[in-house]
Amino acid sequence: MSQQGYVATSYSQPQPGIGGYPTAYGPTSTQPFYGHYSGTVQQFSAAPGPLKPAPPSGPLSTAGSQSSGPPPLIQSNIHNGHSSPENTAQRFQGPVAVNGPGTSYPPYGQPPYPSPASSAPTQQLTNQMGSLHLSGYAPGTAQNHHMPPSAVPQAPFPTSPTQHLPPPSLSTGAQRPPPPAAVPTAMSALPTSPSLVMQGGHPGYSPQSAGFPQQLPGQPPIAGYHPPQQNALSGPQLAYPGSLPGSSQQMSAQQKRLDPDSIPSPIHVIEDDRSRRAGQVYPTNIRGQVPPLVTTDCVIQDQGNASPRLIRCTSYCFPSTSDMAKQARIPLAAVIKPFAVIPPNETPLYLVNHGEDGPVRCNRCKAYMCPYMQFIEGGRKYQCGFCNCINEVPQFYFQHLDHIGRRLDYYERPELSLGSYEFAATLDYCKNNKLPNPPAFIFMIDVSFTNIKNGLVKLICDELKTLLEKLPRGEQTEGENSGIRVGFVTYNKVLHFYNVKSNLAQPQMMVVSDVGEMFVPLLDGFLVNFQDSRSVINNLLDQIPEMFADTSESETVFAPVIQAGMEALKAAECAGKLFIFHSSFPTAEAPGKLKNRDDRKLVNTDKEKTLFLPQSGIYETLAKECVANSCCVDLFLFPNQYIDVATVGLVSLHTGGTLYKYSNFQIHSDGEHFLSDLRRDVQKRIGFDSIMRVRTSTGFRATDFFGAIYMNNTTDIEMAAVDCDKALTVEFKHDDKLNEDSGALIQCALLYTTVCGQRRIRIINTGLNCSTQLSDLFKSCETDALINFFAKSAYKAILSQPLKTVRDILISQTAHILACYRKHCASPSAASQLILPDSMKVLPVYMNCLLKSFVLVGSTELSTDERAYQRQMVMSMDVSDSQSFFYPQLLPIHNMDTNSETVPSAVRCSEERLADTGIFLLENGLNLFLWLGMNSPPELIQGIFNVPSFTHVNTDATLLPELDNPYAKKLKSILDGIRCQRPRSLKLMIVKQKEKSEMIFRQSLMEDKGLYGGASYMDFLCCVHKEIRQLLS
Ligand SMILES: [Zn+2]
């Protein structure tokens, strides 16, 4: 990527900062935007992209240490134990019923907004956290989708080529939606009296007082929304007082001056999409169609493009040229979730097995056979949709074509008619040309003083006895034993390995005290089949808590633990996952020993980035070795103080693992929370030893990758493992002009090993439109995916740039995107109107939530570990999880209808929406609060808590009592519904209005001014508006 300074134009005038976020414009140049298209053609040129992690430094140093653990028991013979069965799953189930080429692109439009308010708010910008996202899709009509909502017929793939040919109507081709009428959202500003409540400055945010420009006098607001007219919102004069988080009273006093209903509501956008598309069948046969929002529950039917559960894009119509892309500055990216859970009412991916021939692939670009390959010459050749190479059809794969040039076996072969499917891989796709062994799970438990004392070790051991019965199995092996082998290690300053071979009467322990040169003291009997060794393992799990009951050892090692697990997998020649249960800061003399470096004085300085970087190069080296040996690391942390999450979590981040953190763990309040996570983690769908390649049609390519991944080169995305919760985000860049007819095609191929040890290739194809019209690009954007991209790119960028720079870039990029729309796509209107594209109505509110997130907010009051933890969590989030994480759901529980299945409609995340007579549930995938208003209805309090009044409610409880009444049952069903959607368990926190703990809850009210800094939504919107006006002036 080139790095160039700004060219002086109207876009590059120096400007005063906005509140806490000074703008990124100005003569100082070289600030990149996120995404490659960081500059308009004439104004900015491409700037450096987010930085790659620093290269791993030196190898593990070795430092010996003395044994302090129990003595070795019996030394076993060292050789490799191995197993196991291959289960070759075949599951041709059925072709997808195909419907006509519905050119059913819904018209764009939008619901009315209340008329604009007419008073001026005060602006403060600071930081806080949270966000939401929505994709702008116009109100489509249900009947545009051809499938009946209930039926998702899946006829079997016939074995005879001549049977059951569905009507030849499927098209994954170049249908383009009719150009929808442009229906922007507009907000006009009314001249209003500025009135400010001045507040003190917040550390790190210089008070700014740039006045908000007056809007044109006499510009009338437009009440309601009337496409294609524009909706108006008052954009009052603003000044930015200091950004100290004010008291909530102050905040609400100010905000009441402007009607919050007059600014775009995420709730409105979510509900609107639901009302149009929920419960319907969404067929994927139309290229470039914008899918329903992640918050809308519908039935996806693969008809040639992959399900949006597997892949979502920031825009479903790419600009034809790189100049256009630079003008719009909309990042072009896809969020890919290869193992997304497919609900039972949708068809799972088919497995295609060509036996020894293996998958059919393009000779030149190696793309896999897919619906974008065009068969020619009577079926003897095909043209690759990605590189246009003409390939011979292999003899075994030949088939005649029908009268429209389609193979007669079109509907029998998933790879010809579907967007996603799997191929059985041949030996060529296996390491060393050998079929893989089934993977192994190694449980590694920190048995230092704290974990023994608080009962955690016993809790884990007791749970494993039942959990190991439920190890994942392949799809075709239900009822059979899992092929996954298990092994056990405990550790403090030294490591203890256990021989649990089935023929032993007692488990045997072997101690490795030289943690500087980690080796695995036993192979045979270390990794075993649980069913075979059940009694020995259960015996061991009973003994572990007793063996260490009297320990006083408080020092632990950490890096050698990962090293040991990896070496064990390597020796057993299998992929696998380490489950490490760790509580203490690794201070024992050993490789990877850490020192406390939690220096919050670095916050808001150029050195803040170091807080997010690992303090020792050993962990980077270890991560690389783990990836090379297909060792995924899941880390369960139980810290009572600073543990340096940025360092200890690094290996998890790069190996496709998951990091869980339970601060100040206590069995009674956190035990169930942790066990839920552990159970889910052990049982979830996962692939090992994976490597992904993203191929594209000519004219563009994948250039940047974000996620729980490791990149050894510029194209291969390596993941020691990838599970059903992990999503990676891929950014694309133009190489050339894109063709409007052929569109932009993407094929992700994920090579992996199943839990049964089968090698497979999962293919995810999707086709996007291309256009020379900016308006097409704006119409086809998905704000939820944009925010996922912005979050990951910003969270990566903070490793190399000051946070302030990162925030500034996000703000100015938001303004640039919206200014581009205003300039090139919106119908003429007064400059005082803020006009938002329909697909991006909520971009400002979500962007503000991202800016206020703990990671970006830069407050000395926030725990460094918590920030590093949230950063790591977001890096592998899918679009749905990032949406709810940044803009939490706030549900008015007092409105729940105990007689129906429905969940009460969410309300906007603002204090204004609370009522002291109400009870609200707030959830963001990380936290779950039940907020009780002081005057909550007593019958609800009684029903939910079984106590007579508000004052009797115990806020220490993390579980609700199991009660047999409609309120309790309804609330439980709402909570269960939320919990089963999220990848992590949620610990319930009960919060009473006006009590101290309410502050934790309030920081999740994302539309309000942030407790730790960050503007309110209203203020941020006004700032962005001001930026846009300056860009356009
Ligand atoms: Zn090709």
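This report describes a zinc site and a four-stranded sheet in a predicted model.

**The zinc site**

The zinc ion is held by four cysteines, each of which contributes its SG atom, at 2.2 to 2.3 Å. Seen from the zinc ion, the four donor atoms subtend angles of 99 to 115 degrees, and because four donors count as tetrahedral if all angles lie between 85 and 135 degrees, the arrangement is tetrahedral. Along the sequence, the donor residues follow the spacing C-x2-C-x18-C-x2-C. Cys-362 lies in the loop between β7 (351–352) and β8 (374–376), while Cys-387 lies in the loop between β9 (381–383) and β10 (390–392), so the pair ties together parts that are 25 residues apart in sequence. Are these two residues, Cys-362 and Cys-387, buried or exposed? Both Cys-362 and Cys-387 are buried.

| Donor residue | Donor atom |
|---|---|
| Cys-362 | SG |
| Cys-365 | SG |
| Cys-384 | SG |
| Cys-387 | SG |

**The sheet**

Elsewhere in the chain numbering, four strands form an open sheet in the order β28-β29-β30-β31, and the pairing within this sheet is mixed. Its edge strands are β28 (889–892) and β31 (988–992), each of which pairs on one side only. On average, and with direction ignored, neighbouring strands of this sheet are turned by 20 degrees against each other. Strands of a sheet pair through backbone hydrogen bonds, and they may do so in a parallel or an antiparallel way. In this sheet, strand β30 (residues 928–932) and β31 run parallel and are joined by five bridges. Leu-932 has Lys-992 in β31 as its bridge partner.

Notes. Residues are numbered from 1 along each chain as its sequence is written. This is a predicted model: local features need pLDDT of at least 70, side-chain atom pairs count only at pLDDT 80 or more; totals for chains, interfaces and linings use all residues. Side-chain values use heavy atoms; hydrogens and water are left out. Two strands pair if DSSP finds at least two bridges between them. Helices (H or I, at least four residues) and strands (E, at least two) are DSSP runs, numbered from the N terminus. Axes are lines fitted to C-alpha atoms, for helices over the stretch in contact, and angles run from 0 to 180 degrees between N-to-C directions. Donors are N, O and S atoms within 2.8 Å of the metal (3.2 Å for Na, K and Ca); water is not among the atoms, so sites may look incomplete. Four donors count as tetrahedral if all angles lie between 85 and 135 degrees; four count as square planar and six as octahedral if opposite donors are over 155 degrees apart and all others between 65 and 115; anything else is irregular. Buried means under 20% relative accessible area, exposed over 50%, partly exposed in between (1.4 Å probe, protein chains only).
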